[in-house]
Amino acid sequence: MTYDTNNIFAKILRGEIPCKKIYEDDFALAFYDIHPAAPTHALVIPKGAYENHEAFTANASDEAMAGFSRAIGKVATMIGVTEGGYRLIANSGANGGQEVPHYHVHILGGGRLGPMMAGTLNSD
Ligand code: AMP
């Protein structure tokens, strides 16, 4: 799979469309999800062009991977979910339900989230 430079998160990174920014550093950008699936729902994306987790871990530098991972921790603290607890999700590909082909980690919290999966298999 080749990286689609016109995906919506690439456009956010280039400043072509707005986002509700939470945090930014050399490695990551974090913003609120436009359709929150929990009382608090943030997205953290790496700055490089990686479509999913395996592309990121195969191709990003150790510095970029460490920086991205640290950014997730910082953002979780900034959005106030660490005390009550939260969930990280990274969807990949069709079976994972990935909609935007730029690697991203969801941070979900702000309330009790319920079971991890609605169902093992989904027909849609
Ligand atoms: P995924 O299904 O893991 O690819 O998740 C993509 C997420 O991006 C969904 O939760 C969408 O609500 C969210 N999303 C799509 N467009 C935007 C946008 N312009 N700003 C913020 N979040 C977005």
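Biologist: Helices (H or I, at least four residues) and strands (E, at least two) are DSSP runs, numbered from the N terminus. In which strand is the place of R87?

Modeller: R87 sits in strand β4. This is a predicted model, in which local features need pLDDT of at least 70 and side-chain atom pairs count only at pLDDT 80 or more, while totals for chains, interfaces and linings use all residues. Residues are numbered from 1 along each chain as its sequence is written, and side-chain values use heavy atoms, with hydrogens and water left out.

Biologist: What does R87 touch further along the chain?

Modeller: Leaving aside residues up to four places away in sequence, R87 touches H106, I107, L108, L113, G114, P115 and M116; contact means heavy atoms within 4.5 Å. The R87 side chain reaches the backbone oxygen of G114 at 2.9 Å, a polar contact being a pair of N or O atoms within 3.5 Å; within protein, one must be able to donate a hydrogen and the other to accept it, and residues adjacent in sequence count only if both atoms are side-chain atoms. G109 is 22 residues away from R87 along the chain, yet their C-alpha atoms are 6.5 Å apart.

Biologist: Now the sheet: what is its strand order?

Modeller: The five strands form an open sheet in the order β1-β2-β3-β5-β4, paired antiparallel. Two strands pair if DSSP finds at least two bridges between them. β1 (21-24) and β4 (86-89) are the edge strands, each with a single partner, so one side of each has no neighbour in the sheet. From one strand to the next, the twist averages 20°.

Biologist: How many residues are in the hairpin that joins β1 to β2?

Modeller: Three residues link β1 to β2 in that hairpin. The two strands pair antiparallel over three bridges, and Y23 has A30 in β2 as its bridge partner. β2 (residues 28-32) also pairs antiparallel with β3 (residues 40-46), over five bridges; there, F31 is bridged to L43 of β3.

Biologist: Which strands does α3 lie across?

Modeller: Helix α3 (residues 62-78) lies across β1, β2, β3, β4 and β5 (105-109), at about 160° to β3. Axes are lines fitted to C-alpha atoms, for helices over the stretch in contact, and angles run from 0 to 180 degrees between N-to-C directions.

Biologist: Next, the ligand: how many residues surround it, and which are the closest?

Modeller: The ligand is surrounded by 16 residues, the closest being D33, N91, E99, H104 and H106; a residue counts as near if one of its heavy atoms lies within 4 Å. α1 (8-13) and β2 each give two or more residues to this shell, and α1 has the largest share, three residues.

Biologist: Which polar atom of N91 lies 2.8 Å from a ligand oxygen?

Modeller: That is a side-chain atom of N91. Polar backbone atoms of G97 and V100 each lie 3.0 Å from an oxygen atom of the ligand. The protein covers 88% of the 510 Å² of accessible area that the ligand has on its own, by the Shrake-Rupley method with a 1.4 Å probe.
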